[in-house]
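Welcome, and thanks for taking a look at this one with us. Below is a short tour of its core, its charged pairs and its surface.

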Amino acid sequence: MTIPRLTDAERDALLAELPEWTLRADGIAIERTFRFADFSAAWGFMNRVALYAEKADHHPEWFNVYNRVEVTLTTHDADGLSARDAAMARAMEGFL
């Protein structure tokens, strides 16, 4: 299934809406590092995101060490950013 890629204007609007997210150097993903008080808070965040991701059938690339969660969002079927990534980034912001 082909998923439409965000236009440059849509991508720029998303990044303006979510200033903590940055465009990866290759331009096909967005990234953010979340920091929490401790490991339990980081893990709780990851659990909330995981439940959302399963329902949305869209899963982040992420890495966790102690209180830090590094996230990369991209849609492989779109060869870049899609509305799925925008929805996931907004959901993550809502779980803070």
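Helices and strands here are DSSP runs, numbered from the N terminus, with at least four residues for a helix (H or I) and at least two for a strand (E). Please keep in mind that this is a predicted model.

## Loops and backbone

With that naming in hand, Tyr66 can be placed in the loop between β3 and β4, the latter covering residues 68–73. Tyr66 has a positive phi near 45°, although this residue is something other than glycine. Its relative accessible area is 49%, and because partly exposed covers the range between 20% and 50%, Tyr66 counts as partly exposed.

Asp57 is another residue to look at on a Ramachandran plot: phi is positive here as well, at about 55°, and Asp57 is not a glycine. You will find Asp57 in the loop between α2 (39–56) and β3 (61–65).

A third loop residue is Thr75, placed between β4 and α3. Is Thr75 buried or exposed? Thr75 is buried, with a relative accessible area of 3%. Leaving out residues up to four places away in sequence, Thr75 touches Ile3, His58, Gly80, Ser82, Arg84 and Asp85.

## The nonpolar core

The largest nonpolar core has 21 residues. Within this core, the residues with the most contacts are Trp21, Ile30, Phe34, Phe45, Val69 and Met92. Which elements supply at least two residues each to this core? They are α1, β2, α2, β4 and α3. The element that gives the most is α2, with five residues.

Phe34 is a good residue to start from if you want to walk through the core. Setting aside neighbours within four places in sequence, Phe34 is in contact with Trp21, Phe45, Asn67, Arg68, Val69, Val71, Met92, Glu93 and Leu96. Four of the core residues with the most contacts can be picked out by name in that list: Trp21, Phe45, Val69 and Met92.

## Arg32 and its partner

Arg32 lies in strand β2, which covers residues 30–35. With a relative accessible area of 13%, Arg32 is buried, the cut-off for that class being under 20%. Not counting neighbours within four places in sequence, the contacts of Arg32 are Glu20, Trp21, Val69, Glu70, Val71, Glu93 and Leu96.

Glu93 deserves a second look in that list. The side chains of Arg32 and Glu93 make a polar contact at 2.5 Å. The two residues also form a salt bridge, and their closest N and O atoms are 2.5 Å apart. Arg32 belongs to strand β2 and Glu93 to helix α3, so this pair ties together parts that are 61 residues apart in sequence. Glu93 is partly exposed, at a relative accessible area of 24%, whereas Arg32 is buried.

## Other salt bridges

How many salt bridges does the structure hold? There are six. One of them joins Glu17 and Arg90, whose closest N and O atoms are 2.8 Å apart. Glu17 sits in helix α1 (residues 8–17) and Arg90 in helix α3 (residues 83–94), so the pair ties together parts that are 73 residues apart in sequence. Both partners are partly exposed: Glu17 has a relative accessibility of 42%, and Arg90 has a relative accessible area of 39%.

Another salt bridge is formed by Asp12 and Arg11, with 3.0 Å between the closest N and O atoms. Here Asp12 is partly exposed, at 42% relative accessible area, while Arg11 is buried, at 18%. These two residues are also part of a network of salt bridges that links Asp8, Arg11 and Asp12.

## A nonpolar patch on the surface

Finally, let us return to the outside of the model. Phe39, Trp43, Phe63, Val65 and Tyr66 form a nonpolar patch on the surface, and together they have about 510 Å² of accessible area. Which elements each supply at least two residues of the patch? Those are α2 and β3.

Tyr66 belongs to this patch too, and its place is in the loop between β3 and β4. The positive phi of Tyr66 and its partly exposed state, at 49% relative accessibility, therefore come together in a residue of the patch.

Definitions and conventions:
Residues are numbered from 1 along each chain as its sequence is written. This is a predicted model: local features need pLDDT of at least 70, side-chain atom pairs count only at pLDDT 80 or more; totals for chains, interfaces and linings use all residues. Side-chain values use heavy atoms; hydrogens and water are left out. Buried means under 20% relative accessible area, exposed over 50%, partly exposed in between (1.4 Å probe, protein chains only). A polar contact is a pair of N or O atoms within 3.5 Å; within protein, one must be able to donate a hydrogen and the other to accept it, and residues adjacent in sequence count only if both atoms are side-chain atoms. Contact means heavy atoms within 4.5 Å. A salt bridge is a side-chain nitrogen of Lys or Arg within 4 Å of a carboxyl oxygen of Asp or Glu. Patches are made of residues with over 30% relative accessible area and no salt bridge: like charges are joined within 9 Å, nonpolar side chains (Val, Leu, Ile, Met, Phe, Trp, Tyr) within 5 Å. Accessible areas come from the Shrake-Rupley method with a 1.4 Å probe; for residues, only the protein chains shown count as cover. A nonpolar core is a set of buried Ala, Val, Leu, Ile, Met, Phe, Trp, Tyr and Cys residues joined through side-chain atoms within 4.5 Å.
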